[in-house]
Amino acid sequence: MTIRQVSIFIENQSGTLQKVLELIKRSRIQIIASTLADTADYGIYRIICNEPERACLELKEAGVAVTISHVFAVELDNRPGGAADVVARFSEAGVGISYMYAFVIEGRGILIFRTDQTEEAEKVIASNGLHALSESELPMQY
Amino acid sequence: MKTPDSSSPYFQPELETLSVEGLRALQSERLQQTVRRCAQVPFYRDKFAELGIRPEDIKSVDDVTKLPFTTKDDLRDHYPFGFASVPLRDCVRLHSSSGTTGNPTVVLHTQSDLDAWAEAVARCLWMVGARPDDVFQNSAGYGMFTAGLGFQYGAERVGMLTVPAAAGNTLRQIKFIRDFGTSVLHAIPSYASRIFEVMNEQGVDPRRDTKLRVLCIGAEPHSEEQRRRIEENLGVKAYNSYGISEMMGPGVAFECQEQNGLHIWEDYFIVEIVDPVTLERVPDGQLGELVLTTLRREAMPLLRYRTRDLTRILPGDCPCGRHHVRLARLQGRSDDMIILKGVNIFPIQIEKILLQFKEIGTDYLITLETREGEGDIMSVDVEVNNVFTDDYATLKRLEHEITRQLRDEILVTPRVRLVPKGTLPVSDEKKAVRVRDLRKLF
């Protein structure tokens, strides 16, 4: 079970992130989680939001380079070491994680990660009794 | 000279199929004549004196490299009649460029020059299948623009019924095409497309309602895809024409029915392709600036005229039987050339590489700047489009791959920058800002 993530290509220059956020705001899209790493020239701004397809379309229309990718959203035990234990299951099974970030909703920790080995990851989740959230389980309206 | 039998593939069989050795011998003979004529022109007389050349020193075509170059600025500086090698009373025609960037250039013709010009154009038209039974319509502008009268006289020389429709009034063009049974049309490529659009609007089917079969296109850069589209739309074969008013106009080089390169008439011109900076000749097949020496001009012979047009010589024989060398489709102007760390780079080379990557758009921006400790560097900004992958490693790989391919092409390692869509200056047709030169000059 994966969820859709909107990935936006932005230039590392003042004002560009703000421009993208303004567009999202105007489209009345709700961002639930997001991440942006610092790199030299450009960055990929990754967003989990309530309407990924529409967000993608509207950004495209505004001339932004944007793409949809699929990521896992796995629930963590709310205790020290919760993330370590989950990540350990995947690395034991040889599943490589390209990137990850985490956030908390309604007191539950959620780990977002992307892997090229989707099938293997599904197996790890099933065999270890982990819970991967579907999009409908995300809090879509505040 | 009489018109050959319509079944002949050549208008002037002896000259068109002359062997390479035959062409060189003819060129050597005519070069001597040309140099003697140039000695009547003060500009060349001074140059010869400066270089210590006596006309009698020039014996063969290989001696052309001893001769001075001529530029458009030289022509402008001697406006209007400074390059005449005969008294004005012997001249019968004058053509002139617009002169938007300074003095115009003037080209003078004797009657013999006009006859030679008409023959060259007639050769081209015959080569692409035009015959006396055809009706030729010329939609080029008449007047000072050489494609008007140039094609007119050439088409008449073939013996075609010639319609000097001139430019514009598309409805009337279409009426002429239908009423007069036009089978051979000359038009610039964008106008040929326009004629097709209007035919469509008028419910005219070019295949059903017209006799069009041959189209001559030139004067405007266009891609192979555009040519194929025009051919498909109008139901014709379209042939490329290359003309340059300083040489005469149309008739300089033309595609044969192979549609693979433009034969340039070597009994009219000595063809050289040179490095635009060192002015040294480049090997056959390599891109450079086209330099032409006239061999048949009386009124205004020109030595090693720098056309500023970039092209290359296509190596090998043409199945059509003509040994006159073929030029590749013109590839822009030498004025666009970039020199970086002593290497010559043409934006077209960069464009060609970028087109191969589906992850990026077709716009690009080349920036040249001076970096402390690094000297002059080149960066190429390219726009990422919506097929990018959500993954830094893949983007890095894309960057590296573009860099690698560019380096293989231009022999300098550029810094490739991926930028978001819409951040580069927008291109309109051919006038996009493609190069920014911020280098510090010493």
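**Exercise 1. Work out which element gives the largest share of the lining of the second largest pocket, and describe that lining.**

Solution. Begin with the elements: in this predicted model, helix H2 (20-38), strand E10 (269-274) and strand E13 (313-314) of chain B each supply at least two residues of the lining of the second largest pocket. Among the contributors, E10(B) provides the largest share, which amounts to four residues. Next, consider the lining as a whole, which consists of 28 residues, with Arg24(B), Glu266(B), Asp284(B), Ile313(B) and Val325(B) lying nearest the centre of the pocket. Sorted by class, the lining residues divide into 13 nonpolar, six polar and nine charged. Finally, the volume of this second largest pocket is about 460 Å³.

**Exercise 2. Find how many cavities of 30 Å³ or more the whole structure holds, and describe the lining of each.**

Solution. As background, rolling a probe the size of a water molecule over the atoms shows where empty space is left. Applied to the whole structure, the search finds two cavities of 30 Å³ or more.

Take the largest cavity, which holds about 70 Å³ of space. Helix H5 (residues 111-127) of chain B makes the largest share of its lining, with three residues. The residues that line this cavity include His109(B), Trp117(B), Met247(B), Tyr268(B) and Arg296(B), and by class the lining has six nonpolar, two polar and three charged residues.

Then turn to the second largest cavity, with a volume of about 50 Å³. Among the residues lining it are Leu75(B), Tyr79(B), Pro80(B), Phe83(B) and Met300(B). The lining of this second largest cavity has seven nonpolar and two polar residues, but no charged residues.

**Exercise 3. Locate the cis peptide bond at Pro80(B) and the positive phi of Gln259(B).**

Solution. Recall that most residues other than glycine have a negative phi, and that most peptide bonds are trans. The cis bond joins Tyr79(B) and Pro80(B), with omega at about -5°. Pro80(B) belongs to the loop between helix H4 (72-77) and strand E1 (91-96) of chain B, and both Tyr79(B) and Pro80(B) also line the second largest cavity. For the second feature, Gln259(B) is not a glycine, yet its phi is positive, at about 55°; this residue sits in the loop between strand E8 (249-255) and strand E9 (262-264) of chain B.

**Exercise 4. Trace the six-stranded sheet of chain A and explain why strands E2 and E5 have a side without a neighbour.**

Solution. First write down the order of the strands, E2-E3-E1-E4-E6-E5, which form an open sheet with antiparallel pairing. Strand E2 (31-35) and strand E5 (99-105) of chain A stand at the edges, and because each has a single partner strand, one side of each is left without a neighbour in the sheet. From one strand to the next, the twist averages 35°.

Now look inside the sheet, where strand E1 (residues 3-11) and strand E4 (residues 66-76) of chain A pair in the antiparallel sense over six bridges; Ser7(A), for instance, has Thr67(A) in E4(A) as its bridge partner. Last, add helix H1 (residues 16-26) of chain A, which packs on the sheet and touches E1, E2 and strand E3 (42-49) of chain A, its direction making about 140° with that of E1(A).

**Exercise 5. Describe the four-stranded sheet E19-E18-E17-E20 of chain B and the helices packed on it.**

Solution. The four strands form an open sheet whose pairing is mixed. Its edge strands are strand E19 (415-420) and strand E20 (435-438) of chain B, each of which pairs on one side only, while neighbouring strands are turned by 20° against each other on average, direction ignored. Strand E17 (residues 360-371) of chain B pairs with E20(B) in the parallel sense over four bridges, and Glu369(B) has Leu438(B) as its bridge partner in E20(B).

For the helices, helix H11 (residues 347-354) of chain B lies across E17, strand E18 (375-384) and E20 of chain B, running at about 135° to E17(B). Helix H12 (residues 392-410) of chain B touches E17, E18 and E19 of chain B, and its direction makes about 135° with that of E19(B).

Terms used:
Residues numbered from 1 in each chain as written. Chains lettered and ligands numbered in written order. Predicted model: local features only at pLDDT ≥ 70, side-chain atom pairs only at ≥ 80, totals over all residues. Heavy atoms only, no water. Pairing = 2+ DSSP bridges. Axes fitted to C-alpha atoms, helices over the stretch in contact; angles between N-to-C directions. Contact = heavy atoms within 4.5 Å. 1 Å grid on protein atoms, 1.4 Å probe; cavity = no way out; pocket = protein on both sides within 12 Å on 5 of 7 lines; lining within 4 Å. Points joined across faces, edges and corners; volume = space filled by probe spheres on them. Nonpolar A, V, L, I, M, F, W, Y, C, P; charged D, E, K, R; others polar.
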